Amino acid sequence: MGRGSSCEISACVTRRRPYGQQLAGVKLTLELHDVTAKPLPQAAGSVDLVSMSSVLHVFDEPLPVLAEIRRVLAPRGIFLLHDWIRQPLATYLAYRRDEIKETGPDATRRAFRLFPVHNKYTPDDWRWLLAEAGLALRDHTQLRASHQIFVSGGLEGPPEPPALGHAPA
Ligand SMILES: C[S@@+](CC[C@H](N)C(=O)[O-])C[C@H]1O[C@@H](n2cnc3c(N)ncnc32)[C@H](O)[C@@H]1O
């Protein structure tokens, strides 16, 4: 969410409960942007919170998307990345059958179609992607067997160059 406006990267939020109704006195706006087509409209370093839930695995190339998130994130901003983690085929099929309650031939076809989509990245892969994008990892946890959440607390990478006239001794 940028200062003064909000921006959802995922279209599925429109199916969810309208969060704005729970925030008295706050006017929320919803804008839909295709982050692969052009840069987000937010200025560099202006966004306090970026949250992506089950979205990043969809992109063929996650690094340009992460670079764009790094660009807009405020220096003390938070990036919440919640996404699928790789599971063995048998575990994934059992998860769909027992947790999502999908059964029958159509469900089996769907499960095999989605297996490579949902089981792309291990937790180590996600950590590597965040580091590669220059996003420092602050915490991570597993809320359910299929997903992990990674909390990036800002930017990692080479320190800012010293301000003119303040070179280190
Ligand atoms: C599996 S849904 C997850 C939706 C929701 N965040 C959730 O947790 O239920 C993947 C989402 O990625 C979004 N998405 C796919 N490609 C995108 C793109 N190029 N730019 C922005 N969002 C994209 C889709 O609109 C879709 O809402």
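The following exchange asks how some descriptions of this predicted model are reached.

Reader: What is the secondary structure of the protein, and in what pattern does it run along the sequence?

Author: The protein comes to four helices and four strands, and, read along the sequence, these follow the pattern β-α-β-α-α-α-β-β.

Reader: Why are α2 and α3 called oblique to each other?

Author: The axes of α2, residues 89-98, and α3, residues 105-118, come within 10 Å and cross at roughly 130°. An angle over 145 degrees would count as roughly antiparallel, and one from 65 to 115 as roughly perpendicular. The crossing of roughly 130° falls in neither range, and α2 and α3 are therefore oblique to each other. The crossing of α2 and α3 is, in addition, right-handed.

Reader: Which residues make that contact, and what is its make-up by class?

Author: From α2 the contact draws on Leu89, Tyr92, Leu93 and Arg96, and from α3 on Ala107, Ala111, Phe115 and His118. By class, the contact of α2 with α3 has six nonpolar residues, one polar residue and one charged residue. Arg counts as charged and His falls among the polar residues, so Arg96 and His118 are the charged and the polar member of the contact.

Reader: Where is Lys101 placed, and what makes it buried or exposed?

Author: Lys101 is in the loop between α2 and α3, and its phi is near 60°, a positive value in a residue other than glycine. A residue is exposed if 12 or fewer other C-beta atoms lie within 10 Å of its own; Lys101 has 8 of them, and is therefore exposed.

Reader: Ser54 also has a positive phi; how do you know whether Ser54 is buried or exposed?

Author: Phi of Ser54 is near 55°, again in a residue other than glycine, and Ser54 is found in the loop between β1 and α1. Ser54 has 14 C-beta neighbours inside 10 Å, whereas burial would need 20 or more and exposure 12 or fewer, so Ser54 counts as partly exposed.

Reader: What makes Ile149 of strand β4 partly exposed, and which residues does it touch?

Author: Ile149 lies in strand β4, residues 147-155, and has 17 other C-beta atoms within 10 Å. Because the buried class begins at 20 and the exposed class ends at 12, Ile149 is partly exposed. Not counting residues up to four places away in sequence, Ile149 touches Leu80, Leu81, His82, His140, Thr141 and Leu143. The C-alpha atoms of Ile149 and Ser53 are separated by 8.6 Å, although the two residues are 96 residues apart along the chain.

Reader: Why is Glu132 called partly exposed, and how far is Glu132 from Leu63?

Author: Glu132 lies in helix α4 and has 13 C-beta neighbours inside 10 Å; since the exposed class stops at 12, Glu132 counts as partly exposed. Glu132 and Leu63 are 69 residues apart in sequence and 7.9 Å apart in space, C-alpha to C-alpha.

Reader: Which residues have the most contacts inside the largest nonpolar core, and which elements contribute to it?

Author: The largest nonpolar core has 17 residues, and those with the most contacts inside it are Val50, Ile69, Leu73, Phe79 and Leu81. Two or more residues each come from β1 (47-53), α1 (62-72), β2 (73-84) and α4 (123-132), with α1 giving the largest share, four residues. Val50 itself touches Ile69, Leu73 and Phe79, not counting residues up to four places away in sequence. As a broader point, nonpolar side chains tend to be buried together in soluble globular proteins.

Reader: What share of the protein counts as buried?

Author: Of the 169 residues of the protein, 20% count as buried.

Terms used: Residues numbered from 1 in each chain as written. Predicted model: local features only at pLDDT ≥ 70, side-chain atom pairs only at ≥ 80, totals over all residues. Axes fitted to C-alpha atoms, helices over the stretch in contact; angles between N-to-C directions. Parallel < 35°, antiparallel > 145°, perpendicular 65-115°, else oblique. Left-handed = near helix turned anticlockwise from the far one by under 90°. Contact = placed C-beta atoms within 7 Å. Core = buried A, V, L, I, M, F, W, Y, C linked by C-beta atoms within 7 Å.
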